[in-house]
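Hi,

Here is the structure I promised to pass on to you. Please have a look at it first, and then read my notes below.

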Amino acid sequence: MGGAVRNRNGWQRVVVEGAAILKGMAVTLRHLFRPPVTVQYPEERPRIAGRFKGRHWLTLYADGTERCVGCELCVIVCPSQAIYVKAAENTPDHRVSRGERYAEDFQINMLRCIFCGFCEEACPTGAIVLGRDFELADYRREALIYTKSMLQEPYPGASGRDPNREV
Amino acid sequence: MSTVTLTIDGRTVTVPKGTTVYHAARQLGIEIPVFCYHDRMPPLGACRMCFVQVEKMPRLQTSCTLEAQEGMVVWTESAEVVEARRAILEFLLINHPLDCPICDKGGECPLQDNTFKYGPGASRFVEPKRHFPKAIRLSPVLTLDRERCILCWRCTRFGEVVAGDHALKGHDRGYRTHIDTPPVTLERPSKFIGNTIAICPVGALTSAVYRFRARPWDNRPTPGVCTHCGVGCATWVDARGGEVVRVRAREKPEVNDIWLCDLGFFGYDYTNHPERLKVPYVREGGVLREATWDEALERVARALVRAAPRVGALGGERLTVEEAYLLGRLFRSLGSNHLDARADSRFAPSPRDWAWGAGPFEALDTAPGVFLVGCDLSEDYPVLWLRLKRALDRGAVGLAVAPKRLEVDGYLRCAVVHGYGGEADVLYAVARLVAERKGSVPGLLREVDVDASCRRAGVPREAVEYLAQCLVAAGPVLFAVGRLSWDGPEPERTLAAVQTLRAVSGGDLWLLRGKGNAVGAVLAGLAPDTLPGLVPLEDPGARERLRRLWGFEPPQAPGLGTPAMLEAAAAGELRVLYVAGADPARDFPDGSLWQRARAGLELLVVTELFWTETARQADVVLPALSSFERPGTVVNLEGRPQRIAPSRMGPPGARADGDILQLLGERLGRPVDYGSVEAVWEELRRAAPGLELDRPYPFNRPQPEVDVRPARPLEAEEGLVVVPASPLFRKGEMSARCRGLPDLAGSPVVGVHAQDAAALGLMDGAEVEVDVGATSARVRVAVTDAVLPGHLLVPVGFPEFPRARWAASGRLLRAHLRVLEPVGRESR
Ligand code: SF4
Ligand code: SF4
Ligand code: SF4
Ligand code: SF4
Ligand code: FES
C-alpha cells in the first residue's frame, strides 16, 4: 500500500488527497449548523457527569462519628503525595471514630491532587469521597491546602454519601 | 565438619550436618514463609507455615524443624505445599480481627505479607469471631491485642531463651489461649520487652509509645547509636516530619546482635521535648536571662582568655568523639590540661592505668566464664547481659560478688552478696583459696586471713570456698568490674584485689563504667594526664605528632581530674569551668564539694539540652543538640567508634557542641576550620592511633600482680549502710522526658533485709522517711534478701535521692529510717 502511495502520479494524488480535504470540510460544515457546546461559565452552570471527581469530603456516620480511622492508606496510594494524615488514639471520653484510632490531622494539598480518586478507592471505611465541586480557586497557595475542618462534611450525608451505609 | 547434600526444588545444595531444611533453602535463595521460627532461637514447629514436601516422607514436613539429610529431595512450591500454606493462613485468620487499618503493624506485618503472597484471598469462615478486650496495656510501654495474636510463641520464648526474664507467658488452653504477664507479678518490669514487639510477627504486641504516631512509609530511617549506656547498640532512628517517632535495633552481631534494651527502644522522646533549651542564657545581676549567641560566646571567650590557663572542662558522655577531641584541643591551646570526661565519679585514676572500657564484646562468646565484680550487668549494660546469657547457656561459668543480689543471680553458678565495701575482702579471700587449691600461695597472699576477710565482708566462709572452687574449675574467666565497685568506698583496693585474683587465676579484665561516649571522650583526650589515644602526657612521640597536627604542643604540666578540679575551683585556683553535657551538680557524688567549687568559680559554662541542676547554677548556658540531631562518631565501651547520622533538626537556636567549640575557637583567635565532621575524625585518627571505625580499641590492661592492701578499720556507727544501686529505669533529665519511661521507673522503693524490717517493725510496702546525709525522702519499703542485714538498698537517679547531697562523713554512708506507716496500704 505504502508503495502504491509513493508510485501515484500527479493526477491520482489530486483526486485522493482532495477527497480527504473535502471530507474534513464536511464535518466542519455540519457543526456550523449545530448549537454551541461552550458554556458561559460562571453565568451559566456546566453540566457535570455522574462520575465526575471533584473536591474531597471526609464523611460521617449518621451518629456523627467520623468514618476515617487515620489508617493512612489514602496517603500511601496517592500518586501525587497530596495527603497528610496524623493519627491519634480514641479515648472513652474523647471518641472521634469507631475503633481505636482516628485522624487527628488530615490535610489534602489541592494543588497537588490530580483527582484520580485512588484515595477513595483505597479507603477501607469509605471515609474519603471525591465530591462534585470543582471550583477550587484561591488567591493564596496556602489556602489550597485543605485542612480537616474544611474537608469534613458539615453534617452526616452532606457530601451525598449515605450516612447509614456501613462502608 | 561433615556435610550433607540434598536437592531442593531441583537444585542441589551442600550444608553442614545438622542444618535445617529451612536454612538449606535459604542458602539457595529459596524463600519459605515462617511465623514461629526466628533464627535467634531454636526452632519450635508451632505455626506450620513452613511446610515443604519431602519425597519418601508420608506427610508435609515443617522445614524449620526438619534436619537436612543426605540425598533428601525437597519441594517448596509443589501443589500440595501451596495448598497447605493457603489452608494454614485461612486457619490463622479465622479468629484474626483483620483490623489492619487501625493496627500499628500495618505496612510491615509478616501476616499481611504472607497472606498477600500465599493466602487464599477469601475465607470460608462466616461465623462470629472470637473476641478479647482490645488494646490491653501490659506495661507503660507495651500494648497487647490478643485477637491479633497467632500464638507463635516468639515473645514467650524470647523471655525464656534470650532475655531470661520470663516477662510474658501463655495462659489458658485451646481456643482461649492467650499471652499475658506471668501470674506472679514480676518484681520489676522487663528490660527487654521492646524486642518482643520487634519480633512479634503480627500486631499483637505493639509499642505504647509509638502507638499511632506514624506508618512505616512516613518514616525516614537513619542509622544511629544508642547513647543511654556504654554498650553502644546500633539503631535505626525513624523520624517523621522532624520528630523522632521510633527507635529500632539495627543488626550488628558484634555489639547488640539484633536486640536493644527498653531504654534504647523507648528513650527517644526527650529529643522532641518542648522544654529543650532554645536560646543561650547569661547570668546578669544574679539571674539568668536570654542572650544572643554573640553575647554569650563573647562572655565565655573573654573569661577564658582572662583566666587561661586556669580553666578546665568536664564532660563528654553526651558529645561525639569528634566534639570531645575539639574540646580537648581547645583547652590545651589555652595551656590547660584540666580535662576530664568522668564527671560523675570521685574515683578518677589515671586512664593510663585504669581506662574505662572493655575488650571486644565477642570475647564473651568464647570465654570460659565471667566474674562480675560489683557489676550489675542487667541494670547498667543490659544488652551485654543478653550476650552473657548466651555464653552461660553455652556452658560458660557465671560468678559474681556484689553488695546486692543481682537480678540475674539465678543464672550464675555462684554469686556472693557481701556487706557494702567488702568486695576486696571477698576477692582477697578467693585469691588465697584459689592459690591454695593450685598448690602455691605467693608470699604476699599469705597475709590474707580468709576467715577474718569473710567476717569483715559479712559472708560465710563456705560461700567464698565455693566461689573459689568454681573459679578454679572454670579457668581464666573474664573479670568485669562494674559501677557498684567503682562507686564503692575503696575502689583502689578493689582493683588491687582483682589484680591479685587475676594473678593467681588468670583472665582478662574489663572496666565497665561510663555511658554514651564516655570511653570515647577519654580516648579522644579528655583526661588530665593522657593525650588522645591514652598516650602519657609526656610521651615525646605523641607530643611531636600533636604539634604537627595542631601547630602547638600540649601543655607540659599534668592537669587535674574531676575531684581535684573541683577542689581547685573551691580554692579559687581554677577560674572557669566548661561543662559539656554533664550534670556534676547532680551526679558528682560529693555535693558539698561541688557547691564550694561553684562558689569559687568566676564563670561556669554549661552546654545542655535541658535545665539541669548544673545549668541552673551556671553563668552561661548554651543550648546544644542531642545525639539524634548531629552527625559524628560515638565510641562505646569496647572503644568501638560507630557513625551516627542526624535524624532530625534540633530546635532552632540550639547548636551542636562541635559548632560551639569552633565558634569559640574563632573568638579566642585560634580558628580551626575543619569543614566537615569527617575531617575532624581523620585528624583524630592520626592523633590517636588505634582508633578505627567499627573496630574495638586495643586497650592495654595492666599486667596482673599480687597486690595485697590492708583493709581500713571498720567503724561502728548507727544506722543502715546505704547500698546505692542505679537501676536501668531512672528519672534522669532525659528519661523523665520520654513517654513511658517514668512509669517504668515508678516511684523509688528502698530495700531492707527481713531481719532489719522485723527489728524496725516494718512490713513489705510500709512507708518510711529515709534520712541520708542532708537529704530526707518519703518512700516505700520492700522487704528483700537482696542486701545483707544492716544495709539499705537505695535506688539512685530519682529526684527523691539526690546523690550529690549525700555527704559521706565516714567510709560508709548511713541511712536512718523513720517509720510512717508500718503496714503497706495496698499489699503488693
Ligand atoms: S484523588 Fe488521587 S491525587 Fe488526589 S488526593 Fe486522592 S489519590 Fe491523591
Ligand atoms: S480517609 Fe480512609 S484511607 Fe484515608 S486515613 Fe481515613 S480511613 Fe484511612
Ligand atoms: S503476641 Fe505475637 S509474638 Fe507473642 S505469641 Fe502472639 S503473635 Fe507470637
Ligand atoms: S543496652 Fe545500652 S546502648 Fe543498648 S539499647 Fe540499652 S541503653 Fe542503649
Ligand atoms: S515456622 Fe516452622 S512451624 Fe512455624
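A polar contact here is a pair of N or O atoms within 3.5 Å; within protein, one of the two must be able to donate a hydrogen and the other to accept it. Please keep in mind that this is a predicted model. By that rule, 7 residue pairs are in polar contact across the interface of chain A and chain B, with both partners at pLDDT 80 or more.

On the chain A side of this interface, α3 (73-77) and β2 (83-89) each supply at least two residues. The largest share comes from β2(A), with 6 residues. Sorted by class, the side of chain A that touches chain B has 10 nonpolar, 1 polar and 5 charged residues.

The contact as a whole draws 16 residues from chain A and 18 residues from chain B. Together the two chains bury about 1300 Å² between them, and 51% of that lies on carbon and sulfur atoms. Within chain A, the residues that lose the most area to chain B are A:Glu72, A:Glu100 and A:Arg101, which together make up 45% of what that side buries.

There are also 5 salt bridges between chain A and chain B. One of the residues just named takes part in a salt bridge: the side chain of A:Glu100 meets that of B:Arg211, at 2.8 Å from N to O.

Now to the ligand. Ligand 1 is surrounded by 13 residues, and the closest are A:Cys78, A:Ser80, A:Cys113, A:Cys116 and A:Cys119. The shell around ligand 1 has 10 nonpolar and 3 polar residues, and no charged ones.

Two places in chain B may also interest you. The first is B:Lys389, which sits in helix α10 (residues 382-394) of chain B. Is this lysine, B:Lys389, buried or exposed? With a relative accessible area of 2%, B:Lys389 counts as buried, because the cut-off for that is under 20%. Leaving aside residues up to four places away in sequence, B:Lys389 touches B:Glu160, B:Val161, B:Val162, B:Ala163, B:Gly164 and B:Tyr411.

The other place is helix α20 (residues 591-600) of chain B, where the buried residues are B:Gly591, B:Leu593, B:Trp594, B:Ala597, B:Arg598 and B:Gly600. What do the buried residues of α20(B) pack against? Their partners in chain B are the helices α18 (562-570), α19 (584-587) and α21 (613-617), along with the strands β25 (576-580) and β26 (603-608).

Happy to talk any of this over.

Best wishes

Conventions:
Residues numbered from 1 in each chain as written. Chains lettered and ligands numbered in written order. Predicted model: local features only at pLDDT ≥ 70, side-chain atom pairs only at ≥ 80, totals over all residues. Heavy atoms only, no water. Near = heavy atom within 4 Å. Nonpolar A, V, L, I, M, F, W, Y, C, P; charged D, E, K, R; others polar. Contact = heavy atoms within 4.5 Å. Buried area = accessible area lost by both parts, 1.4 Å probe. Salt bridge = Lys/Arg side-chain N within 4 Å of Asp/Glu carboxyl O. Polar contact = N/O pair within 3.5 Å; in protein donor to acceptor, adjacent residues only side chain to side chain. Helix = DSSP H or I, 4+ residues; strand = E, 2+ residues; numbered from the N terminus. Buried < 20%, exposed > 50% of the residue type's maximum accessible area, 1.4 Å probe, protein only.
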